[in-house]
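User: Could you take a close look at one helix in this one for me, plus whatever you run into on the surface and around it? Keep it casual, but give me the details.

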Amino acid sequence: MTDTRRRVKVYTLNEDRQWDDRGTGHVSSGYVERLKGMSLLVRAESDGESGSLLLESKINPNTAYQKQQDTLIVWSEAENYDLALSFQEKAGCDEIWEKICQVQGKDPSVDITQELVDESEEERFDDMSSPGLELPPCELGHLEELAELVASSLPSPLRREKLALAVENEGYIRKLLELFRQCEDLENADGLHHLYEIVKGIFLLNRTALFEVMFSEECIMDVIGCLEHDPALGGLPRRHRDFLTKTARFKEVIPIGDPELRAKIHQTYRVQYIQDMVLPTPSVFEENMLSTLHSFIFFNKVEIVGMLQDDEKFLTDLFAQLTDEATDDDKRHELVNFLKEFCAFSQTLQPQNRDTFFKTLSNMGILPALEVILGMDDVQVRGAATDIFSYLVECNPSMVREFIMQESQQNDDDILLINLIIEHMICDSDPELGGAVQLMGLLRTLVDPENMMATANKTEKTEFLSFFYKHCMHVLSAPLLANTTDDKPSRDDFQTSQLLALILELLTFCVEHHTYHIKNYIINKDILRRVLVLTASQHAFLALCALRFMRRIIGLKDEFYNRYIMKNFLFEPVVKAFLSNGARYNLMNSAIIEMFEYVRVDVKSLTAHIVENYWKALEDVDYVQTFKGLKLRMRSILRNHRFRRDARMLDDDEEMWFNADEEELEDCEAVVPPSDNKITKASGGTAENEDLMDPISKFMERKKLKDSDDKEVLGKSSSFKLSFSGSTTKTSLSSPPASLRPGSPGSGAKGSPPTAATVTTKVGLVDYPDDDEEDEEDVGGESKEETPPLSKKSKLSS
């Protein structure tokens, strides 16, 4: 008889229209012989499988069941008996809802199983032209009866519809408000309490025609008066009418000549006040009953915006006074606040209409007006102007960009609108930089290529970004450059660090979304070196922002950036920050290790550079394998470049070298046949040798140019000791000896007499599995040159 059980709470609606908890149990559905149909059963969870029944309700084919908030099912059993099941899990609610819909033959996707007029077969054929519900006489003696009728009608959609028709057709609202005035004159507290319940119930009928009457000029204040007498307040009425008539003042900053527009503004303000301040917070069962009230306010705002937008005289006067130097500060403050509220109302418009609205404001001169306002000293006025500017940027950034570029043809850089925005971001006096955060978001929207248009005649992206980097980027980066002239930040207080973090966030966005513009700027202005100074900041969030900036650059795998980093040894501050952080396991530690790991896996040139210059500083870090992996990765790179005669060929002795175990190579001597040819500059005099030359040797030349003072953390890698005709030459790992370069003189040409070379490695290497696989791919599949095998002598050195 039972299916899957789900945990629920059972509620019933009491006479006071409050929901009573009848207990917690598990719900199931099944056929009940006594009720002759499929039914919902809830057994108390405390009584086990055979527990007492909390609910046994037949699923009536004509009952309107409502599903609310994914976990509630509500319905009416009888005239004044409403039930609700509140599920602990959405899945349980969905399962029971499907059972109900299956019995009634409804689609489970609906939220209510019956239409408003389908309560029963008899009522289906009612004549809906008549009210269908008889209201008691509108007299003081019948207020309690009327309050009970309204309360009992609200749970049922059909009864609610009939009550709304009766109230509307009989002009009942005006009669009720007349009774309200009588009760106030007589100080009839009971009557006022009944009127509160009645008027609140009429709101929940959710009918536009009733709202039109209630919110009319002659009725709305009495409606608010009825809602002042909440019985829950214990006889102490609120003073909403006093506030609206004595405290709240309507100011016409620009005279409104249209009386209909003025009345609409008054009405909207009062209805909004009713919604926000007067009506009690609706319960979960009532929240859908006020949707028409929300719509009433929404469409009022749309109508107000449309009427103001069509009044050219009004808008002309508004912008003329905003930009007039003779306008006093108080008046300008009121004008700006009005314009801000005007723009806020426009958010109710459809996207196409909103775009038209802002284009109208643009044609009237809103952007030049904002430029004037932003140049003023009044912080509140500037704040309101910033809000208005944000509405414009969010709605139509292309319109704002077009104005900015046109303006640059007539004005100097320091008075451009966009530079004013940047300056206000930099000079924000708020310790938390709330305004700066808002302005940074607007700047990011303006420089975002994703919302830039491209046409056949012009490309907005190219034009605007060229403009921005020429006229604005120096203003944006000025605080960064001013604060990073030394090895550590000049000012390292919290507010300055927050500002620099915001600037770095925007520059990081530019690295990700712009191409050659930001690349040229970073390389020409040496921006990355300046940014990495911030890794020495005492504020971890700023140091992490600097690391994030470098990580985004490395992530592009752009060789222009890589050469810039290597030429200027820009990993040095990163290594210093890593060593200064010590053994602390924190975000700094993780961020730096992740950066090196990314380089190890994906960026060969930087891998070689790091090992060549920073190995000694990092070789003792063994709690992760990243740094040993960097050296192994470099060894793999050296193999690929150093030992190949051409793209796919190896000598037998080279293959023997690769096949030897790591341990065999330590402290051993190898017999290497040198060439009879003279060793020329650049390890060989042919173009082929030039191409095959190990690129890492080029880094050595740059390294030698660095002063020893600049290389405190730089270390040397493993070295090779080679003997040529009795002389010993030491060559770094990244600059291999000429005799070991494939194709170069001394690499084992046919007929060359052998010369001994002693090879010594200081650090034993441990292969990574992925490096072994790479070596196999590089070496294992190569064709061997048909040359006689060379002997390889090994002897252990003491």
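Analyst: On the surface of this predicted model, Tyr31, Met38 and Val103 make a nonpolar patch of about 240 Å². Met38 sits in strand β3, residues 37–44. Its relative accessibility is 31%, so Met38 counts as partly exposed, and patch members need over 30%.

Now for the helix, α6. It runs over residues 189–204, 16 residues in total, and spans 23 Å from the first C-alpha to the last, close to the expected 22 Å. At the N-terminal end, Asn188 acts as the cap, with a side-chain oxygen 3.4 Å from the backbone nitrogen of Asp190. Just past the other end, Asn206 takes a positive phi of about 60 degrees.

What is tucked away along α6? The buried residues are Gly191, Leu192, Leu195, Tyr196, Ile198, Val199, Gly201, Ile202, Phe203 and Leu204. Their cover includes α3 (143–153), α4 (157–169), α5 (172–186), α7 (208–214), α8 (220–226) and α10 (259–278).

Two of those covering helices, α5 and α8, also show up in salt bridges. Asp222 and Arg181 meet at 2.2 Å, N to O. Asp222 belongs to helix α8 and Arg181 to helix α5, so this pair links parts of the chain 41 residues apart. Asp222 counts as buried because its relative accessibility is 14%, while Arg181, at 33%, is partly exposed.

Helix α5 has another partner too: Arg174 bridges to Glu218, with the closest N and O atoms 3.4 Å apart. Glu218 lies in the loop between α7 and α8 and Arg174 in α5, so the pair ties together parts 44 residues apart in sequence. Arg174 is partly exposed, at 44% relative accessibility.

Stepping back, the salt bridge count for the model is 29. Elsewhere, Lys67, Lys90 and Asp94 are linked in a network of salt bridges. Arg529 and Asp526 pair up as well, their closest N and O atoms 3.1 Å apart. Both of those residues are partly exposed, Arg529 at 34% and Asp526 at 22%.

One last stop is Ser398, in helix α17 (residues 397–407). It is buried, with a relative accessible area of 11%. Its side chain makes a 3.2 Å polar contact with that of Glu460. Leaving out residues up to four places away in sequence, Ser398 touches Asn451, Met453 and Glu460.

Conventions: Residues numbered from 1 in each chain as written. Predicted model: local features only at pLDDT ≥ 70, side-chain atom pairs only at ≥ 80, totals over all residues. Heavy atoms only, no water. Helix = DSSP H or I, 4+ residues; strand = E, 2+ residues; numbered from the N terminus. Expected span 1.5 Å × (residues − 1). Buried < 20%, exposed > 50% of the residue type's maximum accessible area, 1.4 Å probe, protein only. Contact = heavy atoms within 4.5 Å. Polar contact = N/O pair within 3.5 Å; in protein donor to acceptor, adjacent residues only side chain to side chain. Patch = residues over 30% accessible without salt bridge, like charges linked within 9 Å, V, L, I, M, F, W, Y side chains within 5 Å. Areas by Shrake-Rupley, 256 points an atom, 1.4 Å probe, with all protein chains shown as cover. Salt bridge = Lys/Arg side-chain N within 4 Å of Asp/Glu carboxyl O.
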